[in-house]
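Subject: Structure for you to look through

Dear colleague,

I am handing over the structure below, and after it you will find my notes on what turned up. Please keep the view open while you read, so that you can follow each residue as it is named.

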Amino acid sequence: MLLAALALLAQSTDPVAPVPLFRDPVHDGAADPSIVYDPERREWVMFYTNRRADLKLVDPKDVSWVHGTAIGIARSRRGAQWHYAGTAAIPESCTGPTLWAPEVQRFGDTWHMWITVVPGVFKDWNAQRFLVHLTSPDLQHWDCGERVSLDSDRIIDASVLALPQGGYRLWFNDERMGKAIRWADSPDLKTWTVRGTAVTTPGEGPKAFRWRGRWWLISDAWKGLLVQHSSDGEHWSAQPGHLAGRSGTRPTDRAKAQHPDVIVAGDRAYLVYFVHQSGEPEAKVARDWGRHSVLQVAELVEKDGVLTVDRTAPVYMRLQPPHPAREKVDR
């Protein structure tokens with residue numbers, strides 16, 4: 001009882017995350033976050049798709065605003081307060097003008113990024129899409145790696161984990177397979193072998209993580225988030241319904257949650273997701289306001305193998321630097 005009371009007291013003194021957690025100051029279109037801890041600068045770093053939500057277009061079907069996108073960066077000391085830190089220095093020579101959905105992980109002494117590349121700026125959704133692997137020593141300067149070969153010309157949204165037995169696993173969206181979430185394995189982060197399908201339900205933005213003795217896979221099903229769990233990272237069971245599928249009630253959080261990341265912080269975990277602003281008062285007078293999107297956070301609660309979130313509850317956050325041993329286990 002005493003330990004529980006002390007834990008509650010410590011939580012009550014932690015900063016409360018603002019609503020929204022982060023709003024991009026350039027184009028107001030933050031989406032698809034990937035969050036890691038930078039031990040050199042002792043900061044948490046968030047990479048995100050910097051959508052051009054403020055682009056003025058005549059044709060409402062023109063989706064140029066989700067093309068021509070850079071990868072934005074925000075930084076935070078403890079996770080509750082974030083400040084804009086520019087855009088990632090990603091070489092265009094091996095990527096392109098449209099960058100989506102960064103996935104950033106550290107393995108050994110090297111940072112790795114998998115980025116979705118669209119080779120141009122298009123008015124529709126019919127272009128080729130593929131993944132490119134980049135590396136960095138410091139999260140600031142990125143070097144070209146290889147284009148990831150996954151037996152399809154319409155691949156987006158990588159999520160990568162190290163496997164306990166060695167090697168690595170990558171989950172991705174294969175649009176040629178009805179937007180199924182598939183997975184591939186690699187011994188070296190360079191060559192990948194497609195192994196199977198994790199879920200045939202159409203979706204995107206998979207996020208795989210390990211927490212509380214289970215593998216979890218959360219994906220954006222466009223009506224909330226599909227949650228699956230596994231004991232081995234290969235065979236999955238879906239929990240009923242969709243996480244954060246109903247619109248929230250807080251200002252700037254009045255739409256379904258989309259394409260998340262998960263921060264595992266010991267026994268606690270936080271869901272960071274993006275929300276379109278179609279449910280806000282501004283959308284009633286500005287036709288394009290629904291394009292705007294912000295990042296929100298909610299704490300994940302696990303009970304009897306089921307994940308839930310309360311989007312109305314205040315989120316107390318004081319993230320500590322991840323312990324190397326703990327980080328390896330949780331991943």
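R106 stands opposite W111 in β6, and this pair is a good place to begin in what is, please keep in mind, a predicted model. The strand that pairs here with β6 is β5, residues 98-107, and the two run antiparallel, joined by eight bridges. Between β5 and β6 the hairpin has two residues, and in this hairpin G108 takes a positive phi near 70 degrees.

β6 itself covers residues 110-118, and eight of its nine residues are buried, so that the strand can be described as mostly covered. β6 also pairs with strand β7, residues 130-136, again in the antiparallel sense, and this pairing extends over seven bridges. If you would like a residue pair to look for there, T116 stands opposite L131 in β7.

L131 comes up again when one looks at the surroundings of L170, a residue placed in strand β10, residues 168-174. Is L170 buried or exposed? With a relative accessibility of 0%, L170 counts as buried, because the cut-off for that word is under 20%. Apart from residues up to four places away in sequence, L170 touches W114, L131, L150, A158, S159, V160, R182, W183, A184 and W192. For a sense of distance, L170 and W100 are 70 residues apart in sequence, while their C-alpha atoms are 16 Å apart in space.

The next region to look at is a sheet further along the chain. Four strands form an open sheet there, in the order β13-β14-β15-β16, and the pairing is antiparallel. β13 (204-211) and β16 stand at the edges and have a single partner strand each, so one side of each is left without a neighbour in the sheet.

Within this sheet, β15, residues 225-230, is mostly covered, with six of its six residues buried. Which residues lie on each of its two faces? On one side are L225, V227 and H229, and on the other are L226, Q228 and S230; these are all buried, and both faces of β15 are therefore covered.

β15 is joined to β14, residues 214-220, by six bridges, and these two strands run antiparallel. The bridge partner of I218 is V227 in β15, and in the hairpin of these strands, which has four residues between them, W222 takes a positive phi near 70 degrees. The pairing of β15 with β16, residues 237-238, is likewise in the antiparallel sense and has two bridges. Here H229 has S237 in β16 as its bridge partner, and Q228 stands opposite A238 in β16. The hairpin of β15 and β16 has six residues between the strands, and in it G233 takes a positive phi near 80 degrees.

Q228 also serves as a reference point for F274, since the C-alpha atoms of F274 and Q228 are separated by 20 Å, with their positions 46 residues apart along the chain. F274 is found in strand β18, residues 268-276, and at 2% relative accessibility F274 counts as buried. Leaving aside its neighbours within four places in sequence, F274 is in contact with several residues, among them A30, A31, D32, R51, H259 and L295.

Finally, some values for the chain as a whole. Its secondary structure comes to two helices and 20 strands. The radius of gyration is 19 Å, close to the 20 Å that the globule rule gives for 331 residues, so the chain is as compact as a globular protein of that length. Along the principal axes, the C-alpha atoms fill a box of roughly 60 × 50 × 40 Å.

Of the 331 residues in the chain, 54% are buried. Among the contacts with a separation of 6 or more, 54% are accounted for by residues 24 or more positions apart. The chain exposes about 14600 Å², of which carbon and sulfur atoms supply 52%. As for charge, there are 40 positive and 40 negative side chains, and the centres of the two sets lie 3 Å apart.

With best wishes

Key. Residues numbered from 1 in each chain as written. Heavy atoms only, no water. Rg over C-alpha atoms; globule rule 2.2 N^0.38 Å. Buried < 20%, exposed > 50% of the residue type's maximum accessible area, 1.4 Å probe, protein only. Contact = heavy atoms within 4.5 Å. Areas by Shrake-Rupley, 256 points an atom, 1.4 Å probe, with all protein chains shown as cover. Lys, Arg positive; Asp, Glu negative; His and termini not counted. Charge placed at Lys NZ, Arg CZ, Asp CG, Glu CD. Pairing = 2+ DSSP bridges.
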